[in-house]
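This report describes selected local features of a single structural model. It covers polar side-chain contacts, aromatic pairing and backbone geometry.

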Amino acid sequence: MTTAALLAALSCGGTPEPTRAVQTAEAPGPASSGTGAKVIGTLASSIAPPSSLVALEPQDGVDVPVRTEPALMDQAGTEFIPGFLIAQAGQVVLFRNSEDVIHNVRVTEVAEQKPVFNIATPPFGKFEYRFERPGLYNVGCDIHSTMRADILITATPYTATTGADGRFAIANVNPGRYNLTIYAGSTPVVRSI
C-alpha cells in the first residue's frame, strides 16, 4: 500500500454533505506485534472537514486483529465521556461509573432502532460488553435524561481522526485491499485502496 495510491483514492469523488464534527477518544492501537504498513494520508477540505473519522475496513480475505485493550466509556459529572467512542466489533467496551450516584446504560442500535441492553451501573461500578455488529449505537442514561453519547463500532482496528490540516496516520496495517471509509457527512464516503 503506497501513500501515492492512497492520496489518489482520496482526491476523487464529490463533496459530502458536512455534519457536526466527530469527537473521539484516543482509540487504542490494534493488537499487533508492530509489524505492517503505516498508512498516511491527507483528506482535502472539499472531501471532509477537520476531525473527521477515517477507517480502513478490510475487503474479503484480509485478516485484521481485534483490539485486546478495552474501549472505555465513563460516567462522570453526569456525562458520558467521551461523547463519541470508536470501538471494534469483538472488542470489549467497558462502561464505568466514576460517580457516587447510580446511573444506567441504555444502548440502542441506530439502524434498526433495536434495544441492545439496559443495565444499571451502581456507584463506582462497571459493565463490560462486546458489540458483535458494526454500526452506530446511541447511549443514554434513563436516570439522568441529559446524558447522551454515541458509539461507532467498526469491523477494523484501523481508525484515525483527521487533524486540522486533514492529515491522518494509521500504523501496523496488515497488507491487503481495504475500503477507506470517511465519516464526514450524512453518508460515509468509501474508496477502495
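In this predicted model, a polar atom in the side chain of Q91 lies 2.6 Å from the backbone oxygen of E69. Q91 is located in the loop between β5 and β6 (92-97). Its relative accessibility is 0%, so Q91 counts as buried.

A second contact between a side chain and a backbone oxygen involves T154, whose side chain reaches the backbone oxygen of T156 at 2.6 Å. T154 belongs to strand β11, which spans residues 148-154. With a relative accessibility of 1%, T154 is likewise classed as buried. When residues up to four places away in sequence are left out, T154 touches I86, A87, Q88, A89, P134 and T159.

**Aromatic pairs**

A pair of aromatic rings is described by the distance of the centres and the angle of the planes. Rings pair if their centres lie within 6.5 Å, and by this rule the count comes to 7 aromatic pairs. The rings of F127 and Y129 have centres 6.4 Å apart and planes at 25°; because planes under 30 degrees apart count as stacked, this pair is stacked. For Y129 and F131, the centres are 4.9 Å apart and the planes stand at 75°; an angle over 60 degrees counts as edge-to-face, so this pair is edge-to-face.

Y129 therefore takes part in a stacked pair with F127 and in an edge-to-face pair with F131. How accessible are Y129 and F131? Y129 has a relative accessibility of 26% and counts as partly exposed, whereas F131 is buried, its relative accessible area being 2%. The cut-off that separates the two classes is 20% relative accessible area, since buried means a value under it. One aromatic cluster is formed by F95, F117, F127, Y129, F131 and Y137.

**Backbone geometry**

Most residues other than glycine have a negative phi, and most peptide bonds are trans. Which residues are joined by a cis peptide bond? I81 and P82 are joined in this way, with omega at about 0°. P82 is placed in the loop between β4 (79-81) and β5 (84-88).

Positive phi values are found at S51, which is not a glycine, and at T78, which is not a glycine either. The table sets out both residues.

| Residue | Phi | Loop | Relative accessibility |
|---|---|---|---|
| S51 | about 65° | between β1 (37-42) and β2 (53-58) | 28%, partly exposed |
| T78 | about 50° | between β3 (71-76) and β4 | 36%, partly exposed |

S51 thus lies in the loop that links β1 and β2, while T78 is in the loop between β3 and β4. The class assigned to S51 is partly exposed because its relative accessible area is 28%, and T78 receives the class partly exposed because its relative accessibility is 36%.

**A contact distant in sequence**

I40 is part of strand β1 and, at 40% relative accessibility, counts as partly exposed. How far apart are the C-alpha atoms of I40 and F168? They are separated by 5.9 Å, although the two residues are 128 residues apart along the chain.

Notes:
Residues are numbered from 1 along each chain as its sequence is written. This is a predicted model: local features need pLDDT of at least 70, side-chain atom pairs count only at pLDDT 80 or more; totals for chains, interfaces and linings use all residues. Side-chain values use heavy atoms; hydrogens and water are left out. Rings of Phe, Tyr and Trp (its six-membered ring) pair if their centres lie within 6.5 Å; planes under 30 degrees apart count as stacked, over 60 as edge-to-face and the rest as tilted. Buried means under 20% relative accessible area, exposed over 50%, partly exposed in between (1.4 Å probe, protein chains only). Helices (H or I, at least four residues) and strands (E, at least two) are DSSP runs, numbered from the N terminus. A polar contact is a pair of N or O atoms within 3.5 Å; within protein, one must be able to donate a hydrogen and the other to accept it, and residues adjacent in sequence count only if both atoms are side-chain atoms. Contact means heavy atoms within 4.5 Å.
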